[in-house]
Amino acid sequence: MIVWTVANQKGGVGKTTTTVALAGLLAERGQRVLCIDTDPHASLTYYLGFDSEELPASAYDVFVAGKNITREQIQQTILPSEVDNLHVMPATMALATLDRKLGNQGGMGLVLKRALALVAQDYDYVLIDVPPVLGVLMVNALASCHRVLIPVQTEFLALKGLDRMMRTLTLIQKSRGHGYSYTIIPTLYDKRTRASLDTYKKLVERYGKSVWSGMIPIDTKFRDASNQQLPPSVYAPKSRGVLAYQSLLTHLQQLAQQDTA
(Lines give C-alpha, C1' and ligand atoms only; values in the text may rest on other atoms or scores of the structure.)
Protein backbone atom coordinates (compact mmCIF):
# COMPACT_ATOMS: atom_id res chain seq x y z
CA MET A 1 0.00 0.00 0.00
CA ILE A 2 1.40 3.36 -1.07
CA VAL A 3 0.45 6.44 0.96
CA TRP A 4 0.66 9.99 -0.37
CA THR A 5 -0.05 13.03 1.78
CA VAL A 6 -1.16 16.16 -0.08
CA ALA A 7 -0.17 19.16 2.02
CA ASN A 8 0.75 22.83 1.99
CA GLN A 9 0.51 25.52 4.65
CA LYS A 10 -1.35 27.81 2.29
CA GLY A 11 -4.94 27.35 1.22
CA GLY A 12 -6.26 27.66 -2.30
CA VAL A 13 -3.32 25.96 -4.02
CA GLY A 14 -5.19 22.92 -5.33
CA LYS A 15 -4.71 20.32 -2.58
CA THR A 16 -8.20 18.86 -2.78
CA THR A 17 -8.33 18.99 -6.58
CA THR A 18 -4.98 17.22 -6.72
CA THR A 19 -6.12 14.55 -4.27
CA VAL A 20 -9.37 13.83 -6.11
CA ALA A 21 -7.81 14.01 -9.57
CA LEU A 22 -5.05 11.52 -8.75
CA ALA A 23 -7.45 9.25 -6.85
CA GLY A 24 -9.87 9.19 -9.77
CA LEU A 25 -7.14 8.31 -12.26
CA LEU A 26 -5.78 5.57 -10.02
CA ALA A 27 -9.26 4.09 -9.57
CA GLU A 28 -9.79 4.08 -13.34
CA ARG A 29 -6.55 2.12 -13.68
CA GLY A 30 -7.98 -0.57 -11.43
CA GLN A 31 -6.18 0.45 -8.24
CA ARG A 32 -8.04 0.21 -4.93
CA VAL A 33 -7.94 3.75 -3.56
CA LEU A 34 -8.78 5.30 -0.20
CA CYS A 35 -9.06 9.08 0.14
CA ILE A 36 -8.80 10.38 3.70
CA ASP A 37 -10.14 13.84 4.46
CA THR A 38 -8.44 15.32 7.54
CA ASP A 39 -9.52 18.92 6.88
CA PRO A 40 -12.35 20.09 9.19
CA HIS A 41 -13.77 22.07 6.26
CA ALA A 42 -14.44 18.70 4.60
CA SER A 43 -13.95 19.94 1.03
CA LEU A 44 -12.85 16.51 -0.17
CA THR A 45 -15.82 14.89 1.55
CA TYR A 46 -18.29 17.23 -0.13
CA TYR A 47 -16.46 16.95 -3.45
CA LEU A 48 -17.09 13.21 -3.51
CA GLY A 49 -20.75 13.55 -2.66
CA PHE A 50 -21.06 13.26 1.11
CA ASP A 51 -22.46 15.66 3.69
CA SER A 52 -20.02 15.23 6.54
CA GLU A 53 -22.41 16.42 9.22
CA GLU A 54 -24.96 13.75 8.36
CA LEU A 55 -22.63 10.76 8.54
CA PRO A 56 -22.58 8.32 11.46
CA ALA A 57 -18.75 8.06 11.54
CA SER A 58 -15.73 9.94 10.20
CA ALA A 59 -11.97 10.35 10.54
CA TYR A 60 -12.67 12.03 13.88
CA ASP A 61 -13.71 8.67 15.34
CA VAL A 62 -10.37 7.17 14.34
CA PHE A 63 -8.50 9.79 16.36
CA VAL A 64 -10.81 9.50 19.35
CA ALA A 65 -10.31 5.73 19.45
CA GLY A 66 -6.55 6.26 19.17
CA LYS A 67 -4.29 3.27 19.70
CA ASN A 68 -7.25 1.13 20.75
CA ILE A 69 -9.01 1.30 17.38
CA THR A 70 -9.92 -1.94 15.67
CA ARG A 71 -10.06 -2.87 12.01
CA GLU A 72 -13.86 -3.05 12.24
CA GLN A 73 -14.07 0.48 13.65
CA ILE A 74 -11.93 1.82 10.82
CA GLN A 75 -14.08 0.10 8.23
CA GLN A 76 -17.14 1.74 9.73
CA THR A 77 -15.69 5.17 8.92
CA ILE A 78 -15.02 4.34 5.24
CA LEU A 79 -17.62 4.88 2.53
CA PRO A 80 -17.73 3.78 -1.13
CA SER A 81 -17.93 6.68 -3.57
CA GLU A 82 -19.84 6.76 -6.84
CA VAL A 83 -16.59 5.80 -8.59
CA ASP A 84 -15.58 2.14 -8.69
CA ASN A 85 -12.49 1.33 -6.58
CA LEU A 86 -12.60 4.70 -4.80
CA HIS A 87 -13.47 4.87 -1.10
CA VAL A 88 -13.57 7.83 1.28
CA MET A 89 -12.87 8.35 4.96
CA PRO A 90 -14.81 11.60 5.44
CA ALA A 91 -14.03 14.61 7.61
CA THR A 92 -16.22 16.48 10.05
CA MET A 93 -15.98 19.85 11.77
CA ALA A 94 -15.22 18.01 15.03
CA LEU A 95 -11.68 17.45 13.71
CA ALA A 96 -11.02 21.12 14.51
CA THR A 97 -11.21 20.28 18.22
CA LEU A 98 -8.57 17.54 18.23
CA ASP A 99 -5.59 19.69 19.16
CA ARG A 100 -7.44 21.13 22.14
CA LYS A 101 -8.96 17.84 23.30
CA LEU A 102 -6.31 15.27 22.51
CA GLY A 103 -3.20 17.04 21.26
CA ASN A 104 -1.27 16.51 24.51
CA GLN A 105 -1.93 12.79 24.78
CA GLY A 106 1.03 10.52 24.17
CA GLY A 107 1.19 8.76 20.82
CA MET A 108 -1.33 11.04 19.10
CA GLY A 109 1.06 11.66 16.22
CA LEU A 110 0.90 8.04 15.06
CA VAL A 111 -2.82 7.30 15.29
CA LEU A 112 -3.45 7.41 11.55
CA LYS A 113 -0.37 5.37 10.70
CA ARG A 114 -1.46 2.61 13.07
CA ALA A 115 -4.99 2.70 11.70
CA LEU A 116 -3.84 2.39 8.10
CA ALA A 117 -1.72 -0.62 8.99
CA LEU A 118 -4.93 -2.43 9.95
CA VAL A 119 -6.47 -1.95 6.49
CA ALA A 120 -3.27 -2.11 4.41
CA GLN A 121 -4.42 -5.25 2.61
CA ASP A 122 -7.60 -3.50 1.41
CA TYR A 123 -6.00 -0.72 -0.64
CA ASP A 124 -3.26 -0.14 -3.17
CA TYR A 125 -3.10 3.62 -2.63
CA VAL A 126 -4.10 6.02 0.13
CA LEU A 127 -4.25 9.78 -0.47
CA ILE A 128 -4.58 12.09 2.53
CA ASP A 129 -5.91 15.62 2.11
CA VAL A 130 -4.51 17.83 4.88
CA PRO A 131 -5.59 21.20 6.33
CA PRO A 132 -3.10 24.08 5.90
CA VAL A 133 -2.37 24.23 9.63
CA LEU A 134 0.43 22.59 11.60
CA GLY A 135 -1.22 20.48 14.27
CA VAL A 136 -2.05 16.91 15.18
CA LEU A 137 -3.80 16.28 11.83
CA MET A 138 -0.85 17.35 9.70
CA VAL A 139 1.61 15.52 11.96
CA ASN A 140 -0.41 12.31 11.57
CA ALA A 141 -0.66 12.67 7.82
CA LEU A 142 3.07 13.26 7.46
CA ALA A 143 3.93 10.35 9.74
CA SER A 144 1.77 8.02 7.66
CA CYS A 145 3.07 8.66 4.15
CA HIS A 146 5.74 7.47 1.78
CA ARG A 147 5.81 10.79 -0.07
CA VAL A 148 4.49 14.30 0.50
CA LEU A 149 2.86 15.96 -2.50
CA ILE A 150 3.01 19.75 -2.22
CA PRO A 151 0.80 21.64 -4.68
CA VAL A 152 2.06 25.21 -5.11
CA GLN A 153 0.11 27.84 -6.98
CA THR A 154 2.36 29.58 -9.48
CA GLU A 155 2.18 33.01 -7.90
CA PHE A 156 4.54 34.89 -5.58
CA LEU A 157 2.56 34.59 -2.31
CA ALA A 158 2.35 30.83 -2.73
CA LEU A 159 6.14 30.67 -2.40
CA LYS A 160 5.79 31.99 1.15
CA GLY A 161 3.41 29.16 2.01
CA LEU A 162 5.86 26.69 0.53
CA ASP A 163 8.65 28.12 2.69
CA ARG A 164 6.53 27.46 5.78
CA MET A 165 5.76 23.96 4.61
CA MET A 166 9.43 23.17 4.08
CA ARG A 167 10.28 24.46 7.55
CA THR A 168 7.58 22.19 8.95
CA LEU A 169 9.03 19.17 7.16
CA THR A 170 12.46 20.01 8.54
CA LEU A 171 11.07 20.37 12.06
CA ILE A 172 9.13 17.12 12.01
CA GLN A 173 11.79 15.05 10.31
CA LYS A 174 14.18 15.82 13.19
CA SER A 175 11.86 13.98 15.56
CA ARG A 176 11.15 11.30 12.97
CA GLY A 177 14.81 10.46 12.51
CA HIS A 178 14.94 10.67 8.73
CA GLY A 179 13.84 12.99 5.95
CA TYR A 180 10.73 13.09 3.83
CA SER A 181 10.46 12.30 0.17
CA TYR A 182 8.46 15.08 -1.42
CA THR A 183 7.37 16.36 -4.81
CA ILE A 184 6.44 19.99 -5.46
CA ILE A 185 3.60 20.31 -7.97
CA PRO A 186 3.16 23.66 -9.77
CA THR A 187 -0.58 24.32 -9.99
CA LEU A 188 -2.98 26.92 -11.37
CA TYR A 189 -0.44 27.71 -14.07
CA ASP A 190 -1.49 30.38 -16.54
CA LYS A 191 0.87 30.53 -19.49
CA ARG A 192 -0.50 33.96 -20.43
CA THR A 193 0.94 35.61 -17.33
CA ARG A 194 4.51 36.54 -16.50
CA ALA A 195 3.83 35.81 -12.83
CA SER A 196 3.22 32.11 -13.47
CA LEU A 197 6.39 31.73 -15.51
CA ASP A 198 8.53 33.68 -13.02
CA THR A 199 7.18 31.68 -10.08
CA TYR A 200 7.83 28.40 -11.85
CA LYS A 201 11.43 29.45 -12.55
CA LYS A 202 11.92 30.39 -8.88
CA LEU A 203 10.55 27.01 -7.76
CA VAL A 204 13.06 25.21 -9.94
CA GLU A 205 15.92 27.49 -8.84
CA ARG A 206 15.19 26.84 -5.15
CA TYR A 207 14.12 23.20 -5.15
CA GLY A 208 15.60 21.70 -8.32
CA LYS A 209 14.62 18.13 -9.08
CA SER A 210 12.07 18.10 -6.25
CA VAL A 211 9.84 20.16 -8.55
CA TRP A 212 7.80 18.13 -11.04
CA SER A 213 8.88 19.19 -14.52
CA GLY A 214 5.29 19.73 -15.67
CA MET A 215 2.55 21.98 -14.37
CA ILE A 216 -1.17 21.79 -13.71
CA PRO A 217 -2.90 24.49 -15.77
CA ILE A 218 -5.87 26.59 -14.83
CA ASP A 219 -8.84 24.61 -16.13
CA THR A 220 -12.49 25.55 -15.62
CA LYS A 221 -13.36 21.86 -15.96
CA PHE A 222 -12.00 21.34 -12.45
CA ARG A 223 -14.67 23.63 -11.02
CA ASP A 224 -17.36 22.02 -13.14
CA ALA A 225 -16.26 18.56 -11.98
CA SER A 226 -16.47 19.57 -8.32
CA ASN A 227 -19.96 20.98 -8.91
CA GLN A 228 -20.97 17.59 -10.28
CA GLN A 229 -19.17 15.85 -7.39
CA LEU A 230 -17.07 13.76 -9.76
CA PRO A 231 -13.31 13.34 -10.21
CA PRO A 232 -12.10 15.47 -13.14
CA SER A 233 -11.11 12.38 -15.12
CA VAL A 234 -14.70 11.11 -14.93
CA TYR A 235 -16.31 14.45 -15.76
CA ALA A 236 -13.91 15.66 -18.47
CA PRO A 237 -11.41 12.91 -19.34
CA LYS A 238 -9.92 14.78 -22.31
CA SER A 239 -9.50 18.16 -20.63
CA ARG A 240 -6.04 19.69 -20.48
CA GLY A 241 -6.04 19.60 -16.69
CA VAL A 242 -6.76 15.87 -16.62
CA LEU A 243 -4.05 15.21 -19.20
CA ALA A 244 -1.62 17.08 -16.95
CA TYR A 245 -2.63 14.99 -13.94
CA GLN A 246 -2.16 11.84 -16.00
CA SER A 247 1.42 12.90 -16.68
CA LEU A 248 1.93 13.72 -13.01
CA LEU A 249 0.58 10.34 -11.93
CA THR A 250 2.95 8.51 -14.24
CA HIS A 251 5.83 10.45 -12.69
CA LEU A 252 4.67 9.74 -9.14
CA GLN A 253 4.21 6.04 -9.79
CA GLN A 254 7.79 5.86 -11.02
CA LEU A 255 8.92 7.56 -7.81
CA ALA A 256 6.76 5.20 -5.75
CA GLN A 257 8.87 2.28 -6.91
CA GLN A 258 11.84 3.99 -5.29
CA ASP A 259 9.94 4.98 -2.14
CA THR A 260 8.82 1.44 -1.40
CA ALA A 261 11.97 -0.39 -2.53
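Start by selecting strands β2 (residues 33–37) and β5, which pair in the parallel sense over 5 bridges. Strands here are DSSP runs of E with at least two residues, helices are runs of H or I with at least four residues, and both are numbered from the N terminus. Two strands count as paired if DSSP finds at least two bridges between them. Before going further, note that this is a predicted model, in which local features need pLDDT of at least 70 and side-chain atom pairs count only at pLDDT 80 or more, while totals for chains, interfaces and linings use all residues. Residues are numbered from 1 along each chain as its sequence is written, and side-chain values use heavy atoms, with hydrogens and water left out.

**Around β5**

Highlight Ile36 and Ile128: the latter, in β5, is the bridge partner of the former. Now add strand β1 (residues 2–6), which runs parallel to β5 and is joined to it by 5 bridges. Here Ile2 stands opposite Tyr125.

Next, color β5 (residues 125–129) by accessibility: 5 of its 5 residues are buried (under 20% relative accessible area; exposed is over 50% and partly exposed in between, with a 1.4 Å probe and protein chains only). In a regular strand, side chains alternate between the two faces of the sheet. On one side of β5 you will find Tyr125, Leu127 and Asp129, on the other Val126 and Ile128, all buried.

**The cysteines**

Which cysteine sulfur is closest to that of Cys35? Select Cys145: its sulfur is 15 Å away, too far for a bond. A disulfide requires a pair of cysteine sulfur atoms within 2.5 Å, and the count by this rule is 0. Cys35 counts as buried because its relative accessibility is 0%, and Cys145 is buried too, at 6%.

**A cavity**

Turn on a cavity display (a cavity being a set of points on a 1 Å grid over the protein atoms alone where a 1.4 Å probe fits but cannot get out, with lining residues having an atom within 4 Å of a point). There is 1 cavity of 30 Å³ or more, and the largest has a volume of about 30 Å³. Select its lining: Leu48, Ser81, Glu82, Val83, Gln229, Leu230 and Pro231.

**Last stop: Ser233**

Finally, pick Ser233 in helix α11 (residues 232–235). At 5% relative accessibility, Ser233 counts as buried. Show Glu28 as well: the two side chains make a polar contact at 2.8 Å (a pair of N or O atoms within 3.5 Å; within protein, one must be able to donate a hydrogen and the other to accept it, and residues adjacent in sequence count only if both atoms are side-chain atoms).

Notes. 1 Å grid on protein atoms, 1.4 Å probe; cavity = no way out; pocket = protein on both sides within 12 Å on 5 of 7 lines; lining within 4 Å. Points joined across faces, edges and corners; volume = space filled by probe spheres on them.
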